[in-house]
Amino acid sequence: MKLAFAALLVCGFAQAQRKQLPEFVAGDQCLFCHRNDIGPTWQKNAHNLTVQPKAGSADEFTLGSRKHTRQLRKTGYGRFSIQEKDGAWNGSKFAERCAGCHTTAVNAETKVFTEFAIDCYACHGVVDLEHTNDTRLILLSKKNRGGASMITSICSSCHLRGGESKAKGLPYAYHFVPGDDLFADHAADLKKAEDPALNAGDRHVWRNVRDVLENNSETTCLSCHQVHANSAQKHRRVLTSPACLDCHYESGPKKNVKAYAAASVVCEVP
Amino acid sequence: MWIRKGERDRKKNVISPMPTQVISNEEFIPRPQTEKQKHVEHLITEMSEVRAGKLGMDRRAFMATSMGMATCLLASNKVWGNSFEVTEAEAWEPAASEEKWPKGEFFVMDVQGHFTDGYALNFRNMEFVKNMGFQLSNDKEAYSFRNFVKEMYFDSETDVVVISGVPGREIQRDEKGAMLEGRQRRGGVLPSWLMAYARDEINRLAGSARAFSQGNLAPNHYWDKVNNRPDRKAILEQMDREISQYKIASWKWYCHTDPGGSGGGFQIDDENSAWFYDESRKRGIKTFSVHKGYSYQSRTLGHLANPKDVEKAALNNPDLNFVIYHSAIQHGPNEPDWEKANQYDPATGDFAWHSVLMDIRKRNPKINNVYCEIGSFFGPLVISNPVIAMHGMGKNIKHYGSDHVVWGTDCLWWGSPQWLVDAFKRFQISDEMCDKFGYKKITKEDKAKIFGLNAARIYGLDLKKKRTPLGADALDKLKMAYLESGPQPSLEAAGWVRAGD
C-alpha cells in the first residue's frame, strides 16, 4: 500500500507529533475584531454548523444538517452522547468517530474536544495577536497563503474521508495543528482516488489531494473554494480539466451536474 | 459589475460626511442603494454645491466644516423626517451652530471607551466610518492609549470615560506555578490590568477623577475541565485581584464568548452568575455592564447575546445595576440589510433584540436596576436609518425612562466621539412619530441625564467635586512604557458597490 506521507517531507512542516494540544484563542474572541468582515457570514457558514446548539437548551445539539442529522447531548466537558438510529444513546461513538471533524481541537488521548463546530483555530492554527499589525503572522491570510501541501493538509484533516490515525486508529489525525504535516500521522492510501465506488464528491477530494501530494499540483481546495464567502464561485475561473468530470459531463451545458448520493462509512451515511 | 466605493463617489462627484449606502467587504454581494439613500445623497450634493458656491468655498472644504454637517442633517431630515434639530442658518454660518450648541453645555460621561494593547483592529476601515469623512488612520497608534487620551479628552467634550473591557482573560500563573504580573498576564486586546493602569495615568495627569475602569472577569473565564464546572478558586483569586489591586468600578461581561475554553458561554441568570453576584456583592462591586446584541461577535454562542436573561437577573438582584450595552441591538453597522436582518417592523418600530429588552420592562414596570447603554446603537442608527434611531431612543426613554438610559460611544473604535456628542445634542424625535408611537420629545433635561448624570449616579461620581482638565502637555507626560513597537499593518482599503448605483 502506497502511503502519502513521504511526499510531505519536502514541505518543511513541523514533523514531531505533539504530545499536547496548544492553547489557542477561541473564535468568539476572533470575532470581536472580525465582526464586520467575517462575522456577518460566519454564523451561516457550513464549517460553523457541523454541530448546532438546539434553541432553548444548553445541553442539546444537532450533528450535521439537511438530510443527515443526529441528535447530541452534552455529557461532560468536551463530550457528547449521540443518538443512534434506533433512538438509543451512545456515549462513546461521537468521540471515536465524529469529534475530529465536527468539533475543534480534540485531545486524541482523552477524546475530549475543546470547542464544538469548527473554530478559527481549525484552519488558522495558533494565532499570535500581533497579526493585527502584521497579517503574515496568520496562516492562510492574504499575505501568508501557505503552500499547496500545507493547505491540503489543513483541508484534508476533515474533507479526506477514509484516512486513519497511525497512532490511535482514529478516523482523524492525532493532535493535528494547522501548519503541521497531517500525513505524518494520518495514513491515506491515495490509490483510493481511482476507486470507482467513491461518490463524486469524495473522489474529487481524493484526486485533488493525490495530485498535490504526488504530482506537485498547485491547485488546492482554496484555488476554487472561498471558505469565508461560503462559495465555490472561483471554480468557474478554472480552465477545464479532468477534475471537472468528477461533477460535470464531458459535453453539454456545464450547469448540468452529475447527481450523486453522499456515502460515507465513517459518517454512517446513508 | 462591482466597483470601489471611492471610485464610484469620485465618478459621481459625491462628497459627504455621512454614509449614503451600505458597502460590501467582499463577503456579501453589494446591496443596491435604496431610494432614500439615493435621495439623501442627491440632496447633500445639490445643497452643498449651492452653499459652497455662494460662500466662495471649495465644496470639499465646505463639507469639512460644521456647515457641511448641518447640510447633511438638513438633507437627512428632508428624506427621513425631522430627527435632527438643525436650522438653515447653521448650514450657512458656523457661528450659528456655535451659538445654538455651545460646547460644555452638558456633563458628558462615556461608559464605553476602548483602546487596545498595541493592536490595530480594522474598525476604522469600516465603510460607514470612512464615509463620515474623518479619514481616520487605522494603524496600531490609532488604537493606542495615547490616541485614546487625545481623542476622548482633547478632541471631544467628554468629561469622564469608563474604560470598558473586551473579551479576554488573564493568565494567572506560569508553567511552574509562579504568579504573573502586568504584561506577562496577557489577557487579549484590552486586559483588566491595562485598563487599570490607563485609568490611573489619566487621573494622575488630571489630578481628579476623569476615568474609571472595568474588569473583564466573568463566570466562565477559568474552568475546571475535569469536573466541567467553573474553577471557583481561580475565579475568586482573579476577582480579588481585579477589585483590590486593579480597583475596578464595574464588571464587563460577554455572555457569548469563551476565553476560558469552557466549551460554552453563560447567561446572567444562570447559577454560575448567581454565585458570582454573591461573591462580587461581598466585595462591594454591584455594577454589571453586559454586552448584549451584536450577535455575530460569536462563532456559535451568539444566541447568548439575546437579552432575555436580563429579566430574571434583574428581578433576583434588585441591589445590583445591570447596564445593557448597545441596548441589545442584534446586528452591526455593516450588516448587508439592516432592516431585514434586525426584523424591523415599521408598524411597531420594534427590531431585534432591542424589543426583547423593551418587553422586559413592559412586563415588569417595577424593575429599576436595568439601564440601556447606547454605544454603537445611537450612532450607527442615526446616520444610516434615523427612523430606527428615533424608535430606538424613543422606546428606551418611554419604557425605561430617561434616567435609565446611559451615554456610551464605543470610541475610539469610531474615532473621537465628538460627532456622536454633536449628533445627540441635535437629535430629536419627530412630531409624527411622537403622535403615532407615543414617544416623548427629548428635553434638555433628558439629554443631560443621558449624557452623564445617570452614569455618574451608577458609578458614584460626586459631580460637586472639581474635575480639572488634562493639561495641554498631558500627552507628552503619559507613561507609555507598556506600548510595544512593531511592524505597521497593511492599510489596504476594500469595499465594493454596484457600478450602476
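**Figure 1. Helix α13 of chain B sits under cover from several elements of chain B.** Among the elements that cover the buried residues of α13(B) are two helices, α11 (310–316) and α15 (386–400). Two strands, β9 (321–325) and β10 (370–373), also help to cover these residues. The model shown here and in the other views is predicted. Helix α13 itself spans residues 354–363 of chain B. Its buried residues are His354(B), Ser355(B), Leu357(B), Met358(B), Ile360(B) and Arg361(B).

**Figure 2. An open sheet of eight strands in chain B.** Read the strands in this order: β2-β3-β4-β7-β8-β9-β10-β11. The pairing is parallel. Which strands stand at the edges? They are β2 (109–113) and β11 (405–406) of chain B. Each has a single partner strand, so one side of each is left without a neighbour in the sheet. Strands of a sheet pair through backbone hydrogen bonds, and the pairing can be parallel or antiparallel.

**Figure 3. Strands β3 and β4 of chain B, with helix α8 across them.** Strand β3 covers residues 160–163 of chain B, and strand β4 covers residues 211–215. The two run parallel and are joined by three bridges. Look for Val162(B), which stands opposite Phe212(B) in β4(B). Helix α8(B) lies across both strands. It runs at about 170 degrees to β4(B).

**Figure 4. The largest nonpolar core and its best-connected members.** This core holds 184 residues. Which of them touch the most other members? They are Val310(B), Phe322(B), Val323(B), Ile324(B), Phe378(B) and Trp407(B). Helix α8 (residues 192–206) of chain B gives the largest share of this core, eight residues. In soluble globular proteins, nonpolar side chains tend to be buried together.

**Figure 5. Contacts of Val323(B).** Set aside its neighbours within four places in sequence. Val323(B) is then in contact with Val111(B), Thr287(B), Ser289(B), Val290(B), Tyr371(B), Glu373(B), Val406(B) and Ile458(B). Across chain B, residues 24 or more positions apart account for 76% of the contacts with a separation of 6 or more.

**Figure 6. Asp473(B), in a loop of chain B.** Find this residue between α18 (444–458) and α19 (474–477) of chain B. Is Asp473(B) buried or exposed? It counts as exposed, because it has 9 C-beta neighbours inside 10 Å, and the cut-off for exposed is 12 or fewer. Elsewhere in chain B, buried residues make up 55% of the 501 residues in the whole chain.

**Figure 7. Helix α6 of chain A and the residue just after it.** Helix α6 spans residues 200–215 of chain A. Its buried residues include Val205(A), Trp206(A), Val209(A), Val212(A) and Leu213(A). Charged names appear in the buried list too, among them Asp202(A) and Arg203(A). The cover over the buried residues includes α5 (148–159) and α7 (221–224) of chain A. Just after α6(A), Asn216(A) takes a positive phi of about 55 degrees.

**Figure 8. Two domains of chain A in contact.** Domain 1 is made of 1–17 + 136–270, and domain 2 is 23–125. Their C-alpha centres lie 21 Å apart. Domain 1 brings 21 residues to the contact, and domain 2 brings 16 residues. On the domain 1 side, 15 residues are nonpolar, five are polar and one is charged.

**Figure 9. Chain B meets chain A.** The contact takes 39 residues from chain B and 34 residues from chain A. The side of chain B that touches chain A has 14 nonpolar, 19 polar and six charged residues.

How values were computed: Residues are numbered from 1 along each chain as its sequence is written. Chains are lettered from A and ligands numbered from 1 in the order in which they are written. This is a predicted model: local features need pLDDT of at least 70, side-chain atom pairs count only at pLDDT 80 or more; totals for chains, interfaces and linings use all residues. A nonpolar core is a set of buried Ala, Val, Leu, Ile, Met, Phe, Trp, Tyr and Cys residues joined through C-beta atoms within 7 Å. A residue is buried if 20 or more other C-beta atoms lie within 10 Å of its own, exposed if 12 or fewer, and partly exposed in between; C-beta atoms are placed from the backbone. Helices (H or I, at least four residues) and strands (E, at least two) are DSSP runs, numbered from the N terminus. Two residues are in contact if their C-beta atoms, placed from the backbone, lie within 7 Å. Domain bounds come from an automatic or database domain assignment. Two strands pair if DSSP finds at least two bridges between them. Axes are lines fitted to C-alpha atoms, for helices over the stretch in contact, and angles run from 0 to 180 degrees between N-to-C directions.
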